[in-house]
Structures are given as C-alpha cells and as structure tokens.
There are 2 protein chains.
Amino acid sequence: MTKDISTKEQRPYHHGDLHRVIVETALDVLSESQSTEFSLRELARRAGVSHNAPYKHFADKRELLAAVSAIGFELLAKRMAEATSKLDSPRQRLAAMARAYVFGGVTNPALYRLMFGGYLAGQGESRPVIERTAAYDMKALIVSAISDGALGREIADTEPNTRTIDGAILVFWSQMHGLTLLLADRLVGPADKMEELAENVLQGMLEGLVNSIPAVPEGVWVGPPLEG
Amino acid sequence: MTKDISTKEQRPYHHGDLHRVIVETALDVLSESQSTEFSLRELARRAGVSHNAPYKHFADKRELLAAVSAIGFELLAKRMAEATSKLDSPRQRLAAMARAYVFGGVTNPALYRLMFGGYLAGQGESRPVIERTAAYDMKALIVSAISDGALGREIADTEPNTRTIDGAILVFWSQMHGLTLLLADRLVGPADKMEELAENVLQGMLEGLVNSIPAVPEGVWVGPPLEG
DNA sequence: TAAATGATGTTGACAACGCCCACTTAATGG
DNA sequence: CCATTAAGTGGGCGTTGTCAACATCATTTA
C-alpha cells in the first residue's frame, strides 16, 4: 500500500510507458484534427507529463512524426494482408489490396500525406530509418501481389521480364496512389459516392493493366530505397 | 527629384506593390526550402517591411498560401497549354500534357503538395475561392484534352457516354497524378532516371487507357467543385 | 549493502512565431 | 481642402520548439 495512486490521482514520478502513449496520442490527434500541426506540448499535456518529457523519447517533432508514419505503414500493410489473405484469384487479390489502400487514404488523408508526402524526407536528408523500413515492408506486399499474380504466372524469370514486372508495379501503384489522393484530397467527389466510384475506377484499372505494361529502365527501384 | 530613393536606399513609406512581392517571395521561399513552414515575418523582412505589413493584404497565412497555390495552378495550366498547343494528334496532346504535369510535380514537389494536398481544405471549411477557380481552369484542360481527343471523336454525346468520358478522365488523371507524386516524393527512383521512367510509364498508361474505361456513377464531379 | 550510473521526468528560459491592437502616413476624391 | 481610408509601423500576448540544469528512481557494480 505504499503507492496509492487512486486517492489523489497522482502519477508516479516516472510514467512508465510514455513512448507508446505519445505516439498513440499523436496518431489520435492527427486523425481527429487531420493536421500535423499539433504541438508536442499538447501531447505532453494529454499524457499528463511536463512539456519536455517527450524529448527524452524523440529528438524532435520530426522523429515523432516518423514513428507515427511508421505505424501508419504497418496498419496499412496489415489491412492489405488481411484483405488478400482469403482470396485465391490474383485479380481479386489485387483488387482487394487496392481497395484497402484507397480506403485507408480516404479514411485518414492526413496520415497518408504524412506517410507519402515529403515532410519526413525534407531538408535533403533521407527519411528516418524506422519509417523507411515500415514503408518497405508495405511495398513488398504490392510487389508480390503483382509478381506472383496475374503476370508472374505466364512470364519467365528473365531480366527483361523483371523490368516489365517493375513496369506493371509502377503502373498499378501509380493508379492506386493517384486515385487515393484524388479522393482523399476531395479533387473528385462527392464524398458519398466515393466507394462506388473507387470500385468502378479500380476495375477499369485492372482491366487496362494487362494491356499496358511498359518496360522500365534498368536501375530503377520501386519504393523508398533501404540504403541512402 | 523629390523622391530620391537611391542615396539612402530608403523606401517610401508605402511599398506600392507589396501584395505581389509577398506572393512572389513566398513562392520563391517555398520552392527553395521545399516547405510551407516559412514565416510571414520572414517574407516581410525580405520585402523590407514591418512584420505586420503582410496582414494588410492577407487575413492569415492560409490566405497567403492559397494565393501561392493559385499561382501554381496558373503556371501548370500555362505549361500544359503551351505543351499541347503545337500538337495535332490527340494522343500526342495527352502525352505532352501529362509530361508537363509530371514535370511540374517533380520539379517542385512542395508546390504540388500545397496545391493538391489538404492544407488549404483543412478544418472542414472549403478551399479558398481564388485557388479553387484556378484549379478549376487547370482541370478544364485535362477534361477537354480527353473529351475531344481519342475518345470523343468516336463516341456520341449521350448521357451514358458522358459518364464513360468522366471515367476516362478519372483514370487518366489518377494515373498521371499518382505517377507524379510517387516520383516527386521519391517513392520510386532514382532521380536521374525519372525522365526516362516517366516517359515509359506514360506511354503504357496511354496504351491501357483505351482498353480500360469504367463508367462512373451519376452525380460525380471531377475536380474541386466550384460551389461549396 | 552502498554508491554510482543512466534513463526518465521537471522547471525555467529563450527566441521565434501568428495574430491583435492602437497609432501613423500619405494618397484619394467629394 | 479636408475627411476618409488603404497601407505600413511598433508593441504586445499567448504559444511553440528546443536547450540546459536539476530531480527522481531503478539498476548495476564495487
């Protein structure tokens, strides 16, 4: 009975789980306000700690946002994996993956902007490691869905063919990404027709994909590079 | 000779052209720093006026950024119009337009993020009028390039067909937009292969477009709505 | 077991920011 | 010619990101 927290609502000197709480609160605030312009001090307030406590866990705001972005990538990857797990047809798998991607962006545009936008890449430095690897894992799902999907089965594993597959990935990802951002940023609408709209466009995309695979120059990487 | 500015480098009390200078400086700073996180005070400093002078021309930072965004749309529209003006083939016109679009984004990602991203739409309010109309004008170019281009010539002007054309616009714009942002945000690369890469993907896009036109639900608008 | 260490949290400070106010300047038009 | 008003100034308020110095406490080590 030495530590009685309940009577005066007083927290022990050390929070115990601040890192996690700060990141989660940041994700909440970001999702609600749809903006990355919240302050570290507010997160600290919500967590009931002093305005400087977060700096013991994150060097600066950028590093915090990188952690949030990484979580965003993990969430997206999980949703994409779940969406495709019970499907056999490569085409259905691709469609389901695209749906998950688009849905995530429409549901939380600010998070997608943080993840894919340039804030974290800013100032010439490269993206923080933590979110770069998370992004890489997410990208791997797209790549594999295309590679051992509709195309892979009828294409031998020769070097010009891998470039063609990279081309397909690029086209598919471009389309999915563009549709997502157009919808998320409300450049097409209206909001209550989004789902139907996305579904139609998605099917058209998949239809056209087969007939429109460009080869891609050598040395091109798809997704953020792990090194550099 | 009453107003001798040269001797003491002193500006007359009234600047005379502050509005324009502020917007232009903002565009410069945005382009160089690739960030919208510059301060109004710095713009004022660069213009040689007090930290409050800009507030006589812009209610707040958001309004300034809206003006910058509008200029971005005007620049883009001008480049797209120039790129297509000397071409006859609809396909070539589409390709040229897409090149201009992609090039603009790769050259100045932060400007594209401002233009297309959600900063200006933020907080439930609608986008500022000035940039909404500029965006609308730019969008009109895309629409017309598709409508009286490859599709329009062989499609009668019936209601289901206009929906099909809207579908084509959507697919094309999605692809172009997605490719642009993927390149601009360095999710694919490397930088020195971008041009070649974009060209290949673009051609693939155009190839596939013909074979993959979804119809789009009724009531869908493409581009930011002029009202509301 | 006692003391040193390092991780975590606190307090206080600083410069910079967005934005508000009251004031000044100078151009305009009735 | 003078009143109105757009445009610029200076000071100030509350907030922010970040730094430095100090406090607390669990863990290791002597």
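Which of the 19 residues around DNA strand D come nearest? In this predicted model, Ser39(A), Asp60(A), His15(B), Val49(B) and Ser50(B) come nearest among the 19 residues around DNA strand D, so that both chain A and chain B are represented in that list.

**Surfaces near the DNA strands**

For DNA strand C, which has 21 residues around it, the nearest are His15(A), Val49(A), Ser50(A), Asn52(A) and Ser39(B). As to secondary structure, the surface near DNA strand D receives the most from helix H2 of chain A, residues 40-47, which gives three residues, whereas the surface near DNA strand C receives the most from helix H2 of chain B, residues 40-47, which likewise gives three residues. The make-up of the two surfaces is set out below.

| Surface | Nonpolar | Polar | Charged |
|---|---|---|---|
| near DNA strand C | seven residues | nine residues | five residues |
| near DNA strand D | six residues | eight residues | five residues |

**Relation of the two protein chains**

Two copies of a chain are related by a rotation about an axis and a shift along it. Here a turn of 180 degrees, with a shift of 0.0 Å along the axis, lays chain A on chain B with an RMSD of 0.0 Å, and the two copies are therefore related as by a two-fold rotation axis. Within chain A, the C-alpha nearest this axis belongs to Gly178(A) and lies 1.7 Å from it. The two copies also use the same surface, in that 100% of the contact residues of chain A recur in chain B.

Key. Residues are numbered from 1 along each chain as its sequence is written. Chains are lettered from A and ligands numbered from 1 in the order in which they are written. This is a predicted model: local features need pLDDT of at least 70, side-chain atom pairs count only at pLDDT 80 or more; totals for chains, interfaces and linings use all residues. A residue is near a molecule or strand if its C-beta atom, placed from the backbone, lies within 6 Å of it. Helices (H or I, at least four residues) and strands (E, at least two) are DSSP runs, numbered from the N terminus. Ala, Val, Leu, Ile, Met, Phe, Trp, Tyr, Cys and Pro count as nonpolar, Asp, Glu, Lys and Arg as charged, and the others, Gly among them, as polar. Copies are superposed by least squares on the C-alpha atoms of residues with pLDDT of at least 70 in both. Two residues are in contact if their C-beta atoms, placed from the backbone, lie within 7 Å.
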